[in-house]
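Here is a quick tour of one chain, written for someone who would rather look at the model than at a table. Keep the structure open while you read.

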Amino acid sequence: MSMILTNDQLLQAYQSSFLSIYDEMIVTNVKGTILFRSGKLKNFWSTNSTTLIGRTFTDLEEIAFFGDLIFQLLNKEVHSLQLKAWNGSTILITVFQSNGPSEELMVWGLKSISDPLMVTNETNEEPDIKQTPSMVVHSQKMKDVFHTIEMVSKVSTTVLLLGESGVGKEMIAKTIHQLGNRGSKPFIAVNCGAIPENLLESELFGYVGGAFSGANKNGAPGKFELANEGIIFLDEIAELPLNLQVKLLRILQEKEVTPLGSSKPIHIDVQIIAATNQSLEKMVKEGRFREDLYYRLNVVPIEIPSLRERTEEIPYLIYHFVGKYKALYQRNINILPDAIDLLCIYDWPGNVRQLENTIERIVVTSKEIDVDSSLVYKYIPKKTAVKEPPMIHHIMPLQEAVDLIEEQLIKMAIDKYKSVKLAAKVLDISQPTMSRKYKKIREKMQHKILSPQNKRKILEEHLNKQLRSMAIVTSTVILPEEIFELVNPSMPPSSNQTYKNVQKKLTKIREQEGIIEWVYIFKVLDNNKMQTIVASEDFVIPPGHIYEGPPEMMEVALEAMEGKAGVTSLYEDIYGEWKTSFAPLTDHNGNVLAIIGFDHSRSYIETELKKIENM
């Protein structure tokens with residue numbers, strides 16, 4: 001007996017088959033608006049989100065990793081992508097095209113193809129990196145650090161760890177100890193700045209009975225003796241007094257330590273790892289640190305980058321610390337993607353230590369299981385300040401200045417956060433807007449790999465923008481009253497004071513700029529020819545004479561008469577080869593009375609194009 005399936009039964013069968021392959025199925029229109037959703041991808045969407053129906057992929061702030069890659073899928077540039085979520089898991093997204101009853105549809109299959117990485121080194125690209133329980137290595141800078149500490153762990157050389165407070169210098173020292181041949185031997189950490197100076201010598205080098213008042217009658221070993229065959233970590237080495245620097249130098253040279261009150265040295269085998277957040281080189285110049293000791297310690301210097309230099313590691317560190325303190329305090333807390341976004345755009349002046357303390361506070365004090373950005377706001381500022389503001393080097397129209405600053409800020413944000421999503425958040429714009437603007441910037445930056453013809457065209461457009469800006473700004477020195485008088489003269493130029501004043505202005509502009517061959521003001525006549533009204537001194541066309549230039553020049557001049565400033569392409573007339581920028585001159589009502597022109601020679605243009613190309 002045959003059985004005919006209903007449409008609903010067929011759809012249910014297709015859906016079940018789809019979800020046997022993928023963790024989640026989403027149906028959208030071609031614009032990415034979500035129409036249907038089935039199944040659920042674990043650790044992908046925020047658990048506090050209500051419904052996704054009617055929203056778009058591009059405006060979902062809960063998604064932790066959607067950058068401009070999603071547009072490749074929406075625009076059908078690719079069929080499938082692997083994306084990494086903030087929790088470290090890798091998500092496979094595949095899109096299928098389908099024709100619905102009334103419109104074209106897109107069926108999205110989402111599947112988790114790896115488990116979240118809580119605290120590991122990223123070994124996919126570099127399988128030779130060892131896993132250690134104390135380090136999170138996900139940035140190239142930290143991979144470089146890890147390779148160095150791997151090498152020094154195999155030998156007993158002296159190591160100097162450099163970096164800001166809180167970057168993890170002691171963690172690096174412990175990792176060297178764990179990875180090396182001394183891993184089963186002692187690791188002794190000493191903070192040279194935390195022990196009073198009168199006690200520091202006995203703490204470091206030990207003492208014998210009766211060495212000083214109140215001393216233990218049996219004496220006591222020092223930190224160096226306790227670290228024998230192992231590693232001693234001297235944190236804040238810059239705080240070591242000068243008199244003890246001499247003794248430390250002897251230990252480095254002779255491999256022996258003499259306890260306080262004794263004349264009998266004790267031979268020791270110890271690897272020294274020192275650390276500081278200060279410039280020892282500067283202290284040497286100031287006489288506050290011994291030069292010979294500095295060179296003894298600076299055998300293998302390791303610069304540990306600040307957290308703001310490796311923001312891509314912040315999500316992994318967050319999950320590491322959340323796991324650590326969830327287990328320690330028996331708390332069930334989840335950090336949502338929007339909270340991670342906020343944590344990633346903070347500068348963390350206290351580095352990893354500050355991040356860890358913040359996560360501990362959140363785990364301990366959160367009343368909610370799911371921690372979102374609204375809770376994180378209580379602990380850190382919403383935004384970071386731009387420490388190096390964009391610079392404008394010459395006066396230009398306001399809108400062009402705004403465009404320039406916008407471009408610089410977007411590039412700064414992308415360079416810092418390596419993510420369109422995070423850059424959008426820190427600049428407080430929507431992700432689609434950020435993606436669109438950044439796409440334009442990338443296209444502009446592609447000129448370096450274009451053909452010579454196209455490359456020159458882009459360079460010339462850049463130069464034209466500068467010349468156009470200069471023309472607009474400079475035109476403002478000519479007052480509307482002066483223009484009106486020159487266009488409707490009451491007396492000949494030789495006796496017209498306004499003419500003389502404007503001529504001086506134009507001559508001064510030419511002399512000050514130093515890049516302009518001639519500056520002049522033309523009046524456009526009814527036959528589309530132009531008449532010289534006034535010009536800088538030595539201009540080749542006397543006032544009152546008619547000029548008709550080549551078509552490429554006249555076209556831009558006539559557009560300026562319509563109120564639109566512009567720049568010509570290179571053209572040739574009887575006076576030479578030029579590029580001219582034109583700007584309109586108006587009365588108080590905005591009516592264009594004349595145009596001002598700035599001529600630039602071909603040799604100047606070629607020189608400027610080379611300068612721009614080499615910037």
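## Strand S20 and its partners

Strand S20 covers residues 576-586 and is mostly tucked away, with eight of its 11 residues buried. Bear in mind that this is a predicted model.

Which strands pair with S20? One is S18 (residues 566-567), which runs antiparallel to S20 over two bridges; here Val 567 sits opposite Ser 581. Another is S19 (residues 571-573), also antiparallel, with three bridges to S20. In that pairing, Glu 572 has Glu 577 of S20 as its bridge partner. A hairpin of two residues takes the chain from S19 into S20.

On to strand S21 (residues 592-601), which is antiparallel to S20 and joined to it by nine bridges. One of the matched pairs is Phe 582 with Gly 597 of S21. S20 and S21 make a hairpin with five residues in between, and Gly 590 in the turn has a positive phi of about 85°.

## Salt bridges

How many salt bridges does the structure hold? The count comes to 19. As background, side chains of opposite charge can pair when their charged atoms come close.

Take Lys 185 and Glu 229, whose side chains meet at 3.4 Å, N to O. This pair ties together distant parts of the chain, 44 residues apart: Lys 185 is in the loop between helix H4 (169-179) and strand S7 (187-191), while Glu 229 is in the loop between helix H6 (223-226) and strand S8 (231-235). Lys 185 counts as partly exposed, because its relative accessibility is 36%. Glu 229, at 39% relative accessible area, is partly exposed too.

Glu 203 and Lys 223 form another salt bridge, at 3.9 Å from N to O. This one also links distant parts of the chain, with Glu 203 in helix H5 (residues 197-205), Lys 223 in helix H6, and their positions 20 residues apart. Glu 203 has a relative accessible area of 32%, so it is partly exposed, and Lys 223 is partly exposed at 23%.

For a bridge inside a helix, look at Lys 411 and Glu 407, where the closest N and O atoms are 4.0 Å apart. Why are these two about one helical turn apart? They are four residues apart in helix H14 (residues 398-417), so about one helical turn separates them. Lys 411 is partly exposed at 31% relative accessibility. Glu 407 comes out at 19%, which means buried, since the cut-off for buried is under 20%. Elsewhere, salt bridges with shared partners join Glu 577, Arg 602 and Glu 606 into one network.

## Asn 496 in its loop

Asn 496 belongs to the loop between helix H18 (480-487) and helix H19 (497-513). Is Asn 496 buried or exposed? It is buried, because its relative accessible area is just 4%.

What does Asn 496 touch? Leaving out residues up to four places away in sequence, its contacts are Glu 485, Pro 489 and Met 491. A polar atom of the Asn 496 side chain also lies 2.9 Å from the backbone nitrogen of Thr 498.

## Cysteines

If you're thinking about disulfides, the structure holds zero of them. A disulfide is a covalent bond between the sulfur atoms of two cysteines. Cys 192 counts as buried because its relative accessibility is 3%. Cys 344 is buried as well, with a relative accessible area of 0%.

Terms used
Residues are numbered from 1 along each chain as its sequence is written. This is a predicted model: local features need pLDDT of at least 70, side-chain atom pairs count only at pLDDT 80 or more; totals for chains, interfaces and linings use all residues. Side-chain values use heavy atoms; hydrogens and water are left out. A disulfide is a pair of cysteine sulfur atoms within 2.5 Å. Buried means under 20% relative accessible area, exposed over 50%, partly exposed in between (1.4 Å probe, protein chains only). A polar contact is a pair of N or O atoms within 3.5 Å; within protein, one must be able to donate a hydrogen and the other to accept it, and residues adjacent in sequence count only if both atoms are side-chain atoms. Contact means heavy atoms within 4.5 Å. Two strands pair if DSSP finds at least two bridges between them.
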